[in-house]
Amino acid sequence: MTPDPPDGSGLLELVAVMDRLRSPGGCPWDARQTHASLLRYLVEESYEVVDAVENGTREELRDELGDLLLQVVFHARVAAESEEGFDIDDVAGAIVAKLVRRHPHVFAGEVAAEDLQARWDAIKATEKPRESVLDGIPLQLPALARADKVLGRLQRAGLAEPTGAPVGGEPVDEEAVGERLLELVRVAHAAGVDPEAALRTATRRLERTARERESSGGPAGG
């Protein structure tokens, strides 16, 4: 009876395939790609994973995760070709080290903190000193995702009060929030307002206020 291949052997095979595609005699299209030219595919594949999670089958999710994994391996292979680049082992090694470092309650015998998110944030702050708790939030995020990220950072830092109380006694659940967001989009559409642009502007205004008040420790407001 043939033994099952060891865990991770499929990843090694993927790396070998990518090496063949990028090497002389491989695929001309793959060989001319750059980090910048691959970005559109990375974004598309990420959204396709989301769609598979929400609407697809297990087989579809497996396939979409494979497409996303290909993008990681592709970028690592492109990076390995530069003079001071890195390869897929460097990528994996960096995330392994980060996970071990940020889970001392698992790997270092530390008693688990009551607020694990706060402990994670504290460890992260020692790794990446930043002038503001808002530093590092990608500008390219969709407006709604970015607003959520900004609010989450501010609330955890005590710079904004948690909000979101029910309106008119209505329950706050996924369906209710979705309906309220959709209604806001209807209002924006009727008024000729771009809801993405409007939310980006409001989020930037909140960020400016928060950065001005960070040093004093006061709330950023709504």
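Helices H8 and H10 (DSSP runs of H or I, at least four residues, numbered from the N terminus) are roughly parallel to each other, as the angle between them falls in that class (under 35 degrees). The model is predicted, with local features requiring pLDDT of at least 70 and side-chain atom pairs counting only at pLDDT 80 or more, while totals for chains, interfaces and linings use all residues. Residues are numbered from 1 along each chain as its sequence is written, and side-chain values use heavy atoms, with hydrogens and water left out.

H8 spans residues 143–156 and H10 residues 195–214; their axes (lines fitted to C-alpha atoms over the stretch in contact, with angles from 0 to 180 degrees between N-to-C directions) come within 9 Å and cross at roughly 20°. The crossing is left-handed (near helix turned anticlockwise from the far one by less than a right angle; clockwise is right-handed). On the H8 side, contact (heavy atoms within 4.5 Å) involves Ala143, Leu144, Arg146, Ala147, Val150, Leu151 and Leu154. H10 contributes Glu196, Leu199, Arg200, Thr203, Leu206, Glu207 and Ala210. Nine of these residues are nonpolar (Ala, Val, Leu, Ile, Met, Phe, Trp, Tyr, Cys and Pro), one is polar (those in neither other class, Gly among them) and four are charged (Asp, Glu, Lys and Arg).

For H1 (residues 9–22) and H4 (residues 58–80), the axes come within 10 Å and cross at roughly 55°. H1 is therefore oblique to H4 (outside the roughly parallel range, the roughly antiparallel range over 145 and the roughly perpendicular range of 65 to 115 degrees). This crossing of H1 and H4 is right-handed. Leu11, Leu14, Val15, Met18, Asp19 and Arg22 of H1 meet Leu69, Leu70, Val73, Phe74, Arg77 and Val78 of H4. The H1 and H4 contact comprises nine nonpolar and three charged residues, with no polar ones.

Terms used. Helix = DSSP H or I, 4+ residues; strand = E, 2+ residues; numbered from the N terminus.
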